[in-house]
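I opened this one to look at the loops first and the helix packing afterwards. Notes below, in the order I looked things up.

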Amino acid sequence: MSATEPPRLSPAPSSATTAAGPTVYRQELHRGVGSFSSFAAGFSFVSILTTVFQLFGLGFGFGGAAFFWTWPIVFAGQLLVALNFAQLAASWPISGAIFQWASRLAGTTFGWFTGWVMIIAQTLTVAVAAIAVQAVLPSIWDGFQLVGGPGADPSLTSTTGAQNAVVLGVILLAITTIVNILGVRIMALCTSVGVLIEIVGVVVLVAALFLLPARSPAVVFTTEGAAPTHDPYIWAFLASSLMAAYVLVGFDSAGELAEETHAPRKTISKTIVRAVIVSGLGGGLLIIATLVAAPSLSDGNLATGGIAWVVTERLGPVFGRLLLVTVAIAVFACTLAIQTSGSRMVYSMARERALPFWRTLSRVSPRTGTPIATSVVVGVGAALALAVNFGQSAIFTALSSLCIAMLYLAYLGVTVPLLVRRISLRGRGFPPGVDEDGKPLFTLGRWGIPLNALAVLYQIAMVVNLAWPRPEIYDLTGETWWLQWSALLFIGATLLVGYVVHRRNQARDGAIQLGHLPVTAAIPLVHQALPEAHAEPSYSGPA
C-alpha cells in the first residue's frame, strides 16, 4: 500500500483480530465521488432551494421581515461547527463520521449514543425533506394535489395539504431509495446535476426578484408581517430562527461519504466549509430578494404561500413554474443526499457490530458497491415517520423542529468532546499530518479552542431554542399536551430505546472495538483494534 493511499476499510467487524496481527479492513465501498460530487453531497443536504422554500413562510409568519437576521446568526454559528468538522474530516476520513469522531474522542459508549441520535435525526430529516414536494408540485400543477382534488387547500398546515404531502413524500422516498441502491456513481451524478441546476436556479431567481422590487431592502429592519402578539418580539424572533436552523445543517454529509471519495483527506475538509459558505450567501440573498419583491407583506399570503406565491405572482405563471421545476429537482437531490448520508451512518455502526441485524446492515453489494439494506432501512423509516403523522396538520413544523434539534444534539456529541480534548492537550502539540498530495492537513491551529468553544455555546443555545415546547410549532390545536412536549418526550424515548439496544448488543456481540485511523496519509495505514471497549487509540487527532 502506498503512503498516499486512503485508509483501507472493510465491512468485517473491527473487533476481529488474528494471531498474525491487527485486522486490515478491505475497501468495499466504491470510490466514485470526486471533488464536486463531494461538495454536491453537502450542498444538496443543505439545499437552500428546498429548505428556504419549505420554511420561509413559517419564519416570516413568526418574525416578519426582521426574521432575516436569524439567518446570519445561524450561518455564523454553523460555520464555526463546520470548521471543526473540517479538521476532523481531514484527520479521520471514514463513513459514519459523527459516530466515528465522537467514539474516537470520548469513547465508544458515548460515540454509540451520538451515532444513534444521528441515525434517528437523519431518518426524520429525510422525511421532512421528502414532504417539501408539497410546497412546490401543487404550485406547478394543481393535479399534484391528489388528496381532495385540485381545488383543495395545498398548504402544509391544512389537513388536505398535510395528507397530500405524505402521499407525495412516500412516492419520492421510493424513487430515492432505488437510486441509492443502484450505486454511488449514479447517486453522485444525480446530486451533482441537481446541485448545478439548483445553483443556476438560485442565481436566476434572486436576480429576477431583485429586478422587480416592491420595496427597499431596508425592510429587513422592520417587523412588518409578523404575527400579532402581546409578548416581547424576542420570542417571535427566536421561533422564526427555526427556518435558518433547519436549512443550515447536513454539511457533514460529505464526511459520511469519505470512503467513497477520491483523496478524502484533501477533499472533504474543503467541501464541508465550501457547502456552508455557498449555502449561507445564496440563502441570505434569496430571503432578501423575496422580501423585496413580495407583492404584500401584510395580507397573509407570504406567510401561507411562502416563496412559491411570490414567484408565481411576480414572475408570471410560465416563468414562475419553470423556476419551481428547478426547486422540485432540488428537493429530489436534497432527499437523495440526506438518505445517502443516513444509510452510511447505519452502515458504519453496523460494521462495528453496534446495531441489531449488523450482519445484514453491514453487507455491501459487490456489484453496486453500496450497502443496499441500509438504504432501504432509512427510506422505510422515513416513510413510516410520515405515515404515522398522516392528517396531522402540525406534521411539518413539528418534524422539522424535532429533527433539527436532534441533529444539533448529535453535532454536540462531537464538538463537546473535541473541545475537552483540545483543552487537555493544550501546549503539548500534535503530530503533523499530510493529505494525499503530501500537503499539511486542514487545521484551526491556535484558533482551535476559541472557535470550538463558541461553536459549543451556539449549539447549546440552539438546542434549547429548537426543543422549547412552543404550541405554535408542536401543537397547532393548542389542546394536546403531549404534542406540545413531543420534542423532549421523543428525545427521551430515543435515548431510552437506545440504552436497551446498546445493552443488548453488548451482551450478545461484545464491546465495540474501533480500528485505528492514522491522522496522516504519510504513515502505514493499518487499522488496529482497541484492547477494551472504553479504551481509545493514543490520540493523534487534530489540534
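**Entry 1: odd phi values.** I began at the loop between α11 (253-256) and α12 (264-293), where Ala-263 sits. Its phi is positive, about 50 degrees, although Ala-263 is not a glycine. Worth remembering while reading any of this: the model is predicted.

Next I went to the loop between α14 and α15 (358-361), which holds Phe-357. Phe-357 also has a positive phi, near 60 degrees, and is a residue other than glycine. Buried or exposed, this Phe-357? I looked up its relative accessible area and got 66%, so Phe-357 is exposed; the cut-off for that is over 50%.

Two more for the phi list. Arg-353, just after α14, takes a positive phi of about 60 degrees. Ser-47, which follows α1, has a positive phi near 45 degrees.

**Entry 2: the whole chain.** I stepped back for the totals. I counted 21 helices and 0 strands in the chain. Of its 543 residues, 62% count as buried. I also checked how far apart in sequence the contacts reach: among contacts with a separation of 6 or more, 80% come from residues 24 or more positions apart.

**Entry 3: α1 and Ser-47.** I took α1 for a length check. Its 12 residues should span 16 Å at 1.5 Å a residue, and the end C-alpha atoms are 17 Å apart, which agrees. The helix is mostly covered, with 10 of its 12 residues buried. The buried set of α1 includes Phe-39, Phe-43 and Phe-45, along with Ser-37, Ser-38 and Ser-44.

Then back to Ser-47, in the loop between α1 (35-46) and α2 (48-63). Its relative accessible area is 0%, so Ser-47 is buried. What does Ser-47 touch, leaving out residues up to four places away in sequence? I found Glu-198, Ala-330 and Cys-334. I also noted a C-alpha separation of 8.1 Å between Ser-47 and Ala-333, which are 286 residues apart along the chain.

**Entry 4: α14 by itself.** Those partners sent me to α14. It has 35 residues and reaches 51 Å from first C-alpha to last, close to the 51 Å expected at 1.5 Å a residue. I then looked up burial: 27 of the 35 residues of α14 are buried, so the helix is largely enclosed by the rest of the structure.

**Entry 5: α2 against α14.** For a packed pair of helices I want two things, the angle between the axes and the distance between the axes. The axes of α2 and α14 are 7 Å apart, at an angle of about 105 degrees. That makes α2 roughly perpendicular to α14. On the α2 side the contact uses Leu-49, Thr-50 and Phe-53; on the α14 side I listed Leu-324, Thr-326, Val-327, Ala-330, Val-331 and Cys-334. The residues of this contact split into 7 nonpolar, 2 polar and no charged.

**Entry 6: α8 against α14.** What angle do the axes of α8 (residues 184-210) and α14 (residues 317-351) make? They cross at roughly 140 degrees and come within 8 Å. The two helices are therefore oblique to each other; roughly antiparallel would need over 145 degrees. The crossing is left-handed. Among the α8 residues in this contact I noted Val-184, Met-187, Thr-191, Ile-197, Glu-198 and Leu-205; they and others meet α14 residues including Phe-319, Leu-323, Phe-332, Leu-336 and Arg-344. The contact divides into 15 nonpolar, 5 polar and 2 charged residues. Glu-198 had already turned up as one of the residues that Ser-47 touches, and Ala-330 of α14 is in the contact with α8 too.

**Entry 7: towards the C-terminal end.** I ran the length check on α18 (residues 448-467) as well. Its 20 residues should span 28 Å at 1.5 Å a residue, and its end C-alpha atoms are 28 Å apart, which agrees. Its buried residues include Leu-451, Asn-452, Tyr-458, Gln-459 and Met-462.

Last lookup: Gly-515, in the segment after α21 (486-509). At 1% relative accessibility Gly-515 counts as buried. Its C-alpha is separated by 9.3 Å from that of Glu-352, 163 residues away along the chain.

Methods:
Residues numbered from 1 in each chain as written. Predicted model: local features only at pLDDT ≥ 70, side-chain atom pairs only at ≥ 80, totals over all residues. Heavy atoms only, no water. Axes fitted to C-alpha atoms, helices over the stretch in contact; angles between N-to-C directions. Helix = DSSP H or I, 4+ residues; strand = E, 2+ residues; numbered from the N terminus. Parallel < 35°, antiparallel > 145°, perpendicular 65-115°, else oblique. Left-handed = near helix turned anticlockwise from the far one by under 90°. Contact = heavy atoms within 4.5 Å. Nonpolar A, V, L, I, M, F, W, Y, C, P; charged D, E, K, R; others polar. Expected span 1.5 Å × (residues − 1). Buried < 20%, exposed > 50% of the residue type's maximum accessible area, 1.4 Å probe, protein only.
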